[in-house]
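Colleague: Could you walk me through this model, slowly please?

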Amino acid sequence: VNPVRVTLSNEQKVGTISVSNNGTEPVTIQVQLLSWSQEGSNAVFTATRDILSNPPIFTISAGDKQLVRVGLRRPPDAQREQAYRIFLQELPSLINSGETGAKMLMRISLPVFVLPEVEAKSELRWQVSRTPQGALKISLTNNGNAHIQIRSFQLFLPDSIQPWVTLQSSDYVLSDQSRDWILPINADNPIPLGDVTLQLVAQTDIGQIKSKVLIAP
């Protein structure tokens with residue numbers, strides 16, 4: 001599937017996704033579009049008619065590909081980015097291949113973002129705190145009007161060039177949403193006592209971000 005993200009706007013009201021079948025049998029795919037929001041670290045999907053796809057269902061022959069167009073049915077929001085998800089669900093084949101056993105069906109979810117009429121940008125606030133269980137909690141609040149995707153981040157102790165904690169991620173934080181990551185700390189790598197300011201370096205879909213964060217009591 002290419003690309004793996006669609007961005008729409010007043011200037012770009014239709015996007016295109018190419019779905020290729022590199023297998024040896026035809027595949028039937030059903031397309032579903034849902035509005036996407038977040039409640040804490042949980043994704044919430046609801047039915048929507050804001051955007052549509054064409055075709056909504058299709059069959060790709062072996063070695064072939066299909067273009068799926070995704071388009072706006074309503075004007076973009078004036079102030080905030082809107083988030084949706086497009087689900088590509090493989091349907092069971094009616095052809096009996098003679099094979100026995102279970103067959104896994106593909107289901108792919110791709111983000112669709114609709115830019116607002118004003119400039120879209122994230123506004124981030126990081127916090128680090130100790131949990132009662134002895135772990136480290138990293139919290140990110142996005143007060144901006146656009147999403148951000150955190151691909152990885154590292155924490156550095158003061159005056160250290162080697163990362164103290166590294167975490168790989170692919171998590172999105174939508175506009176006006178927050179997300180927490182819990183990092184267990186082992187005995188060989190304890191949380192420093194007292195007030196300690198860490199250097200945080202995050203790799204995101206808008207580039208590298210650096211921030212100083214104080215470990216809260």
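Colleague: Which residue in β7 stands opposite Ser53?

Modeller: Ser53 has Val70 opposite it in β7. Before we go on, this is a predicted model, in which local features need pLDDT of at least 70 and side-chain atom pairs count only at pLDDT 80 or more, while totals for chains, interfaces and linings use all residues. Residues are numbered from 1 along each chain as its sequence is written, and side-chain values use heavy atoms, with hydrogens and water left out.

Colleague: How do β5 and β7 pair?

Modeller: Strand β7 (residues 65–72) and β5 run in the antiparallel sense, joined over 4 bridges, and Leu72 of β7 is the bridge partner of Ile51. Strands here are DSSP runs of E with at least two residues, numbered from the N terminus, and two of them pair if DSSP finds at least two bridges between them.

Colleague: Which side chains of β5 are buried, and which are not?

Modeller: Ile51 and Ser53 point to one face and are buried, whereas Leu52 and Asn54 point to the other face and are not. Buried means under 20% relative accessible area, exposed means over 50%, and partly exposed is in between, with a 1.4 Å probe and protein chains only.

Colleague: Which sheet is that, and why do β2 and β5 have a free side?

Modeller: The open sheet has 3 strands in the order β2-β7-β5, with antiparallel pairing. Because β2 (14–20) and β5 (51–54) stand at the edges with a single partner strand each, one side of each has no neighbour in the sheet.

Colleague: Switching topic, what is the order of the sheet of 7 strands?

Modeller: That open sheet runs β13-β12-β15-β16-β10-β11-β14, with mixed pairing. Its edge strands, β13 (165–173) and β14 (177–183), each pair on one side only. Strands β12 and β13 pair in the antiparallel sense over 7 bridges, and Gln154 has Thr166 in β13 as its bridge partner.

Colleague: How many aromatic pairs are there?

Modeller: A search of the whole structure finds 7, where rings of Phe, Tyr and Trp (its six-membered ring) pair if their centres lie within 6.5 Å, and planes under 30 degrees apart count as stacked, over 60 as edge-to-face and the rest as tilted. The ring centres of Trp126 and Phe153 are 6.1 Å apart with planes at 70°, so this pair is edge-to-face. Trp126 belongs to strand β10 (residues 124–130) and Phe153 to strand β12 (residues 148–156), so the pair ties together parts 27 residues apart in sequence. Both Trp126 and Phe153 are buried.

Colleague: Which residues touch the most other members of the largest nonpolar core?

Modeller: Of its 21 residues, they are Trp126, Ile138, Leu155, Trp181 and Leu198. A nonpolar core is a set of buried Ala, Val, Leu, Ile, Met, Phe, Trp, Tyr and Cys residues joined through side-chain atoms within 4.5 Å. Strand β12 gives the most to this core, with 4 residues. Apart from it lies another core, of 19 residues, including Ile29, Ile60, Val70 and Ile86.

Colleague: So Val70 is back again; what about Trp36, which residues does it form a cluster with?

Modeller: Ring pairs link Trp36 with Phe113 and Tyr172.
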